[in-house]
Amino acid sequence: FTNNRAEIAYGFIPPLMKAYNPRIREMTGSRYDTEKAKLLVKEAEKIYGGKLPELTLAMPGTGVVFRQRGEFIRRCLKAVGLDVEMDYMDWPTFQNKVKTKSAQMFSLGWIADYPDAENFLQLFYSKNISPGPNNFNYSNPEFDRIYEQVAVMAESPERTALYRKAEQIVVKDCPAVFLIHGVAYVLYHEWLHNYKPNAFGYGLSKYRRIDLARRAAYGALMKALR
């Protein structure tokens, strides 16, 4: 689905953040293990007293890509014994469903608003529950304590360590299944200098320097090829 423009996510702090924990994969129980998943479903059925009822997963779109991804997820869950109905909806309807705590499960992503891991931690802060950004309605007093502490700290190794500790708490509680970190590629001409792609400016850049001679040569080449 991503054409190799993604990395598997084992936590919610993306690799480009300074607070990213390179050992997070070792610390999470998240892994692809269909046989273990089948056993856990059977265990859940024993507790429930029969086959588990059909679940519903809300998808934030109705287009082909959303339907392909939804069908893939449905088949994966069906393979381990879970029946899931995919509920495709337009963005406003999806937002209303999630923000009013009406979705049983949902699929959603997050793009940082500023280059600091706190932007991701806020998604799990209990005072941010729906209709705030904590759409999981997750609450953990220890996580909240750390979040309130790091929110007023200057950048430091101590703050980075606390970010990682907070992430481990969420990963252990598992209010969400983390799938991928998106990877973006940017193409630009050799005559464009000082261009530094970033994950927050959506292609914007400052202080660009253009090699006018090379750009003119490129323009002449394009004319000659027509």
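**Close-up views of a predicted model**

**View 1. Strand β3 and its pairing with β2.** Met-59 stands opposite Tyr-88 in β3, in a structure that is a predicted model throughout. A second pairing brings Thr-56 into the picture, for its bridge partner in β3 is Glu-85. Strand β2, spanning residues 55–59, is joined to β3 by 5 bridges, and these two strands run parallel. Between β2 and β3 the chain passes through helix α3, residues 64–79, and the β-α-β crossover that results is right-handed. Strand β3 itself, residues 84–88, presents two faces: Val-84, Met-86 and Tyr-88 belong to the covered one, whereas Glu-85 and Asp-87 belong to the uncovered one. The residue opposite Met-59, namely Tyr-88, thus sits on the covered face, while Glu-85, the partner of Thr-56, lies on the uncovered face.

**View 2. The open sheet.** Strands of a sheet pair through backbone hydrogen bonds, and they may do so in either a parallel or an antiparallel manner. Here 3 strands make up an open sheet with the order β3-β2-β4, and the pairing is parallel. The edges are occupied by β3 and by β4 (105–106), each of which has a single partner strand, so one side of each is left without a neighbour in the sheet.

**View 3. The cysteines Cys-76 and Cys-174.** A disulfide is a covalent bond between the sulfur atoms of two cysteines. How many disulfides does a search of the whole structure find? The search returns 0. Cys-76 takes part in no disulfide, and the nearest cysteine sulfur to its own, that of Cys-174, is 16 Å away. Because a disulfide requires the two sulfur atoms to lie within 2.5 Å, a separation of 16 Å rules out this pair. With a relative accessibility of 33%, Cys-76 counts as partly exposed. Cys-174 is likewise partly exposed, its relative accessible area being 47%. Cys-174 is located in the loop between α7 and β5 (180–182), and its phi is near 55 degrees, a positive value in a residue other than glycine.

**View 4. Helices α6 and α7, with Arg-164.** The axes of helix α6 (residues 141–150) and helix α7 (residues 157–173) come within 10 Å of each other and cross at roughly 155 degrees. Since angles over 145 degrees count as roughly antiparallel, α6 is roughly antiparallel to α7. The handedness of this crossing of α6 and α7 is left-handed. Helix α7 also contains Arg-164, a residue that is partly exposed, with a relative accessible area of 25%. Although Arg-164 and Tyr-20 are 144 residues apart along the chain, their C-alpha atoms are separated by 7.3 Å.

**View 5. Backbone geometry at Pro-131 and Asn-4.** Which kind of peptide bond, cis or trans, joins Ser-130 and Pro-131? The bond is cis, with omega at about 15 degrees, and Pro-131 is found in the loop between α5 (118–121) and α6. Elsewhere in the chain, Asn-4 has a phi near 65 degrees, which is a positive value in a residue other than glycine. Asn-4 is placed in the segment before β1 (6–8), where this residue is exposed, with a relative accessible area of 67%.

Notes. Residues are numbered from 1 along each chain as its sequence is written. This is a predicted model: local features need pLDDT of at least 70, side-chain atom pairs count only at pLDDT 80 or more; totals for chains, interfaces and linings use all residues. Side-chain values use heavy atoms; hydrogens and water are left out. Buried means under 20% relative accessible area, exposed over 50%, partly exposed in between (1.4 Å probe, protein chains only). Helices (H or I, at least four residues) and strands (E, at least two) are DSSP runs, numbered from the N terminus. Two strands pair if DSSP finds at least two bridges between them. A crossover is right-handed if, with the strands pointing away from the viewer, the path from the first strand over the helix to the second runs clockwise. Axes are lines fitted to C-alpha atoms, for helices over the stretch in contact, and angles run from 0 to 180 degrees between N-to-C directions. Angles under 35 degrees count as roughly parallel, over 145 as roughly antiparallel, 65 to 115 as roughly perpendicular and the rest as oblique. A crossing is left-handed if the near helix is turned anticlockwise from the far one by less than a right angle, and right-handed if clockwise.
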